[in-house]
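This briefing introduces a single structure to a reader who has not met it before. Please look over the sequence and the model below before turning to the points that follow.

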Amino acid sequence: MTSKEMADLAVTTLDAKKGRDITLIDIAEKSSFADYLVLATGGSNRQVAALTDDVEEAFAKEGQFPKSIDGKNGTGWVLMDMGDVIVNIFDQDTREKYSIEKVWGDCPITRYAEEQ
């Protein structure tokens, strides 16, 4: 599975499970640690945990397992290190506080529109 396929799997899983403000950042040209960052927001700590579980399960079905998962237990930010793809799932306040999109603002960013 390529890093782009992994990023797409994370995006589609988060979208199917009602993650909000889903964003894909291509950091391959600027980073040595990963090719893509996937960002999403959950409406509550419970939804952040559920989104994390759903992404982990989707990757497991493809034989891909996280190198690490940091931030479980209601911290407001879960980081899933899938190797070349880093999945970040935030609650609203934490996402606004850290503004990851601004940090990587010089990289190609794709924002996925939420269904109405």
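Among contacts in the chain between residues at least 6 apart in sequence, what percentage join residues at least 24 apart? The share is 58%. The model is a predicted one, and the points below treat the overall chain, the strand β2, an aromatic cluster and two backbone angles in turn.

**Overall chain**

- The chain holds four helices and six strands.
- Read from the N terminus, these elements follow the order α-β-β-α-β-β-β-α-α-β.
- The chain is as compact as a globular protein of its length, because its radius of gyration of 13 Å is close to the 13 Å that the globule rule gives for 116 residues.
- Along the principal axes, the C-alpha atoms occupy a box of roughly 35 × 30 × 30 Å.
- Buried residues make up 41% of the 116 residues.
- The exposed area of the chain is about 6400 Å², and 46% of this area comes from carbon and sulfur atoms.

**Strand β2 and its partners**

- Strand β2 covers residues 36-42, and seven of its seven residues are buried, so the strand is largely enclosed by the rest of the structure.
- Both faces of β2 are covered: one side carries Tyr36, Val38, Ala40 and Gly42, the other carries Leu37, Leu39 and Thr41, and all of these residues are buried.
- Strand β1 (residues 20-26) runs antiparallel to β2 and is joined to it by five bridges. Here aspartate 26 is placed opposite tyrosine 36 of β2.
- With β5, strand β2 pairs in the parallel sense, over seven bridges. In this pairing threonine 41 stands opposite phenylalanine 90 of β5.

**An aromatic cluster**

- Three aromatic pairs are found when the whole structure is searched.
- One of them is formed by tryptophan 77 and phenylalanine 90; their ring centres are 4.8 Å apart and their planes meet at 35 degrees, a tilted arrangement.
- Tryptophan 77 belongs to strand β4 (residues 77-81) and phenylalanine 90 to strand β5 (residues 85-91), so this pair ties together parts that are 13 residues apart in sequence.
- Are these two residues buried, partly exposed or exposed? Tryptophan 77 counts as partly exposed, at 24% relative accessibility, whereas phenylalanine 90 is buried, with a relative accessible area of 1%.
- Tryptophan 77 also pairs with tyrosine 98, again in a tilted arrangement, with 5.0 Å from centre to centre and 50 degrees between the planes.
- This second pair links distant parts of the chain, since tryptophan 77 is in strand β4 and tyrosine 98 in helix α3 (residues 92-98), 21 residues apart.
- Tyrosine 98 is partly exposed, at 39% relative accessibility.
- Together, Trp77, Phe90 and Tyr98 make up one aromatic cluster.

**Two positive phi angles**

- Most residues other than glycine have a negative phi.
- Which value does phi take at aspartate 21? Phi of aspartate 21 is near 50 degrees, a positive value in a residue that is not glycine.
- Aspartate 21 is located in strand β1 and counts as partly exposed, at 32% relative accessibility.
- Serine 99, likewise not a glycine, has a positive phi of about 40 degrees.
- The place of serine 99 is the loop between α3 and α4 (100-103).

Methods:
Residues are numbered from 1 along each chain as its sequence is written. This is a predicted model: local features need pLDDT of at least 70, side-chain atom pairs count only at pLDDT 80 or more; totals for chains, interfaces and linings use all residues. Side-chain values use heavy atoms; hydrogens and water are left out. Rings of Phe, Tyr and Trp (its six-membered ring) pair if their centres lie within 6.5 Å; planes under 30 degrees apart count as stacked, over 60 as edge-to-face and the rest as tilted. Helices (H or I, at least four residues) and strands (E, at least two) are DSSP runs, numbered from the N terminus. Buried means under 20% relative accessible area, exposed over 50%, partly exposed in between (1.4 Å probe, protein chains only). Two strands pair if DSSP finds at least two bridges between them. The radius of gyration is taken over C-alpha atoms; the globule rule is 2.2 Å times the number of residues to the power 0.38. Contact means heavy atoms within 4.5 Å. Accessible areas come from the Shrake-Rupley method with a 1.4 Å probe; for residues, only the protein chains shown count as cover.
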